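Trainee: Could you take me through one helix of this model slowly, and then place that helix in its surroundings?

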There are 2 protein chains.
Amino acid sequence: MASTDALELPLLTPGVLSPRYETGTLPEFHRMLAAAGSRIFTRTERIALESLDGWHRDPDSGWLRHRSGRFFSIEGLRARVAGAPVAEWCQPIINQPETGILGILIKEFGGVPHCLMQLKAEPGNRGGLQLSPTVQATRSNYTGVHGGKAVPYLDYFRQAPAHRVIADIRQSEQGSWFLRKRNRNMIVTTTDDVPEQDGFSWLSLRQVLRLLRHDDLVNMDTRTVLSCLPLAPGGRPRQPGRDDGFTAALLRSCDPAAGSRHPGREIRSWITEVRSRTEVDVESAPLDRLAGWRQDGRSVRHDSGRFFEVIGVRVESAGREVGGWTQPMLATVEDGLLALLVTRIDGVLHALMHLRVEPGLVDVAELAPTVQATVGNYAELPAAARPPFLDEVLAAGPEAIRFDSMLSDEGGRFFQVSNRHLIVETGTAHRHPDYRWMPVHQLAGLLRHCHYLNVQARSLVACLYGLLAESAARDATTGTAAADGAPEQKG
Amino acid sequence: MASTDALELPLLTPGVLSPRYETGTLPEFHRMLAAAGSRIFTRTERIALESLDGWHRDPDSGWLRHRSGRFFSIEGLRARVAGAPVAEWCQPIINQPETGILGILIKEFGGVPHCLMQLKAEPGNRGGLQLSPTVQATRSNYTGVHGGKAVPYLDYFRQAPAHRVIADIRQSEQGSWFLRKRNRNMIVTTTDDVPEQDGFSWLSLRQVLRLLRHDDLVNMDTRTVLSCLPLAPGGRPRQPGRDDGFTAALLRSCDPAAGSRHPGREIRSWITEVRSRTEVDVESAPLDRLAGWRQDGRSVRHDSGRFFEVIGVRVESAGREVGGWTQPMLATVEDGLLALLVTRIDGVLHALMHLRVEPGLVDVAELAPTVQATVGNYAELPAAARPPFLDEVLAAGPEAIRFDSMLSDEGGRFFQVSNRHLIVETGTAHRHPDYRWMPVHQLAGLLRHCHYLNVQARSLVACLYGLLAESAARDATTGTAAADGAPEQKG
């Protein structure tokens, strides 16, 4: 009988972030990535929505649907949020009711966990190949509706024995762009001899986390799965202290035994209160007569030119996917900003989380980054009308910026959409009724359940783990360069 | 800073279930209840749906709505559950989109927690007055739509300081009869001097739990709120051992430090898997042309005469509610059965939970009792077609039956609807793919979050706490009778 909710691969266990015994080095990885890019790629070209092949407009609603009735559809939505600054609006929204699997397979080589990563060239990817989970499959994928090949490694997830499942939870995706979409985020371990198929590569967990510093390389699905890594108390792999104490505060923040500004029940009560009080009314609307949006057969875009646009693309693909198709995608006018303010409270790093209402969420509101915004939308507005903390984040000096990378949204639905991910340290423990300071372990506890952290917040949690992995590299006795040059130890 | 998720009123803390220092005795309570019944009552008379005053049929859908647009409506629903024994059906369903508050106010008298209970005569109550939470209010109630008086004690919940909130979570209600209904379950403590208004009474938590043995007295809303009581490790108020070890196994089961058959992540992964795999498709349907249901202006009932019926009632009320109204209600043909099989695994009591799909749940499936059924529906079917474990539960001898009471569904929507609540001990740790054995502390952990336990399971969790309260009474040195006769200690 299990005496506790024991976890086999908590992030802080000694060895998990060790640089020793990695199967390869990062320079080797980058060479391999460049070589793979010549075999695995997509060529994506914008076309008019009315030129899409296999997609049609529903005559009543104007919704864009695939002729198979599967994949996803682009629908119209009318949203009302009582008391919000914008209390009512219409928008296109993606409806993809199937729950797909995003799964990372983990195996230890020399005691060090490695992730089987897929080099995937999604049509909307910025920068070509990105690092995807081992499996990134909608139900249409793995039931063969798309006419493609079988999904490699799928059975490791669909038939995982219970004791091999480290994390398994459905999580939401962009609540402004998807209608109640959830994907099943899974982390599964194996001791099998698992060969790397073409386009797949074993990287250490530490390496994947460190690659978050590279713009537009670790894809959104990988980031959300990694945010579901369990934490466990007691495992502090190394003595920090070679920086200004930030790493020590981050390590403490990841320890479930550490304190928190608010007890968990206060956080849950706050979430309950906001979800009970907020009246969100979402209803379907015809896409072809959507107030505030114009369409000319090429695309659907907002009258103001802001927000996002529904476009068509033609895709030619080389690699394991079928060779060519067309589909609608979402494109943005400007990159987004996702920023987390962090501060030390009694020596424990806390992040300032916003409880944010989005029309496509299953349950009203989820915890979001401190700032989740498209900055240009607010450029001409007075400071009072700008999102809280936006100006503090934008004014942060280099010494306060702990993390700063561009990271892409999922390239199967979003065309070249990327967000600047910023982690900014502040000395001020701000108070605001819609925000709460929370340590990482509290976020990790909520990530065992669905509907708590939105995908943008989860992406920044992965970036916090990236900072942990960097500290591990810095503190290793062999030094960063030597570790990256260590001999191969592939099992 | 909170060092742990500390809770101020865990059920097992010494004193919480102590029989000493109660403010009154149970015989006194029953005398008071009888006296109150002459002042506070409803007279409810069945009338035809078409005679309802203030309610109309929507001409397009046939749905029954209140002219205010609030309260609730009776709608039609078409449900499809791929692969289920009945894969598609239609039914009427109650839509009550507002999240109400069910709140119990707790105050210590002489160190013993007491609950401010309301004696409420809901129109559908079996047995007249039932024990309701301090506040049981829809938003329409407390925003005055029903034209009644202000809701007493409401501000203790709406304006509760964070550190006074013991539990605060939205929980589902009957997923077969309500469309995605949630109510906010709250437990709040106070140190104020709170006078008992007419129809309200301070009872010790132990007394309320012991009154679960009385048929149709502790109402559904009280039971669901009590199921959200927190547990905490270490607090074992007394030495059990005067029974056959059942109480000791139950006490261990309530201790979060005790073991469990499955670690929590296995339970969560199982829930994720079922929710991901199960395709439930629910859509609105016209009520007046609902396949399989007949209506004659008096009621809506199933062609088979089974399941439930939508009826009209005229209510005359004395007490604090307004004097008279009409409304639709649901009535059942036969009482239901809610049964929990329990067994000892390594000395820890475990309950056999069923992961049950219901069309009105927000998230596909929730944990349900071992058996949740209307027995008569299966009377003529062969054993193989009957719900799993039904026959074992019905055949249980008196020595195996640990709890057996009739307990009512909520009397504001359900007319004389009651379920037999059975807790049956078995020596067999059955294995079944749709069921898992779980100790009480694991259920209590999930009850900190929404969408895990359905209302029927929560009701039986409250009954398990009732068994704890009985053991406290049995083990008290003063003996049960003496404790019930103890002098008043009201503060």
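Mentor: What follows is a close look at one helix of chain B, and then at the chains as a whole. This is a predicted model, in which local features need pLDDT of at least 70 and side-chain atom pairs count only at pLDDT 80 or more, while totals for chains, interfaces and linings use all residues. Residues are numbered from 1 along each chain as its sequence is written, and side-chain values use heavy atoms, with hydrogens and water left out.

Helix α1 of chain B, residues 26-37, has 12 residues and reaches 16 Å from its first C-alpha to its last, close to the 16 Å expected at 1.5 Å a residue; helices are DSSP runs of H or I with at least four residues, and strands are runs of E with at least two. The expected span is 1.5 Å times one less than the number of residues. Within α1(B), B:Leu26, B:Phe29, B:Leu33 and B:Ala36 are buried, that is, under 20% relative accessible area with a 1.4 Å probe and protein chains only, whereas exposed means over 50%. These four cover an arc of only 75° around the axis, which puts them on the same side of α1(B), the arc being that of the directions from the helix axis to the C-beta atoms. An α-helix has 3.6 residues a turn, so residues three or four places apart point the same way. On the other side of α1(B), B:Arg31 and B:Ala34 are exposed.

As for the surroundings, chain A comes to 11 helices and 25 strands, and buried residues make up 62% of its 491 residues.

Terms used:
Chains are lettered from A and ligands numbered from 1 in the order in which they are written.
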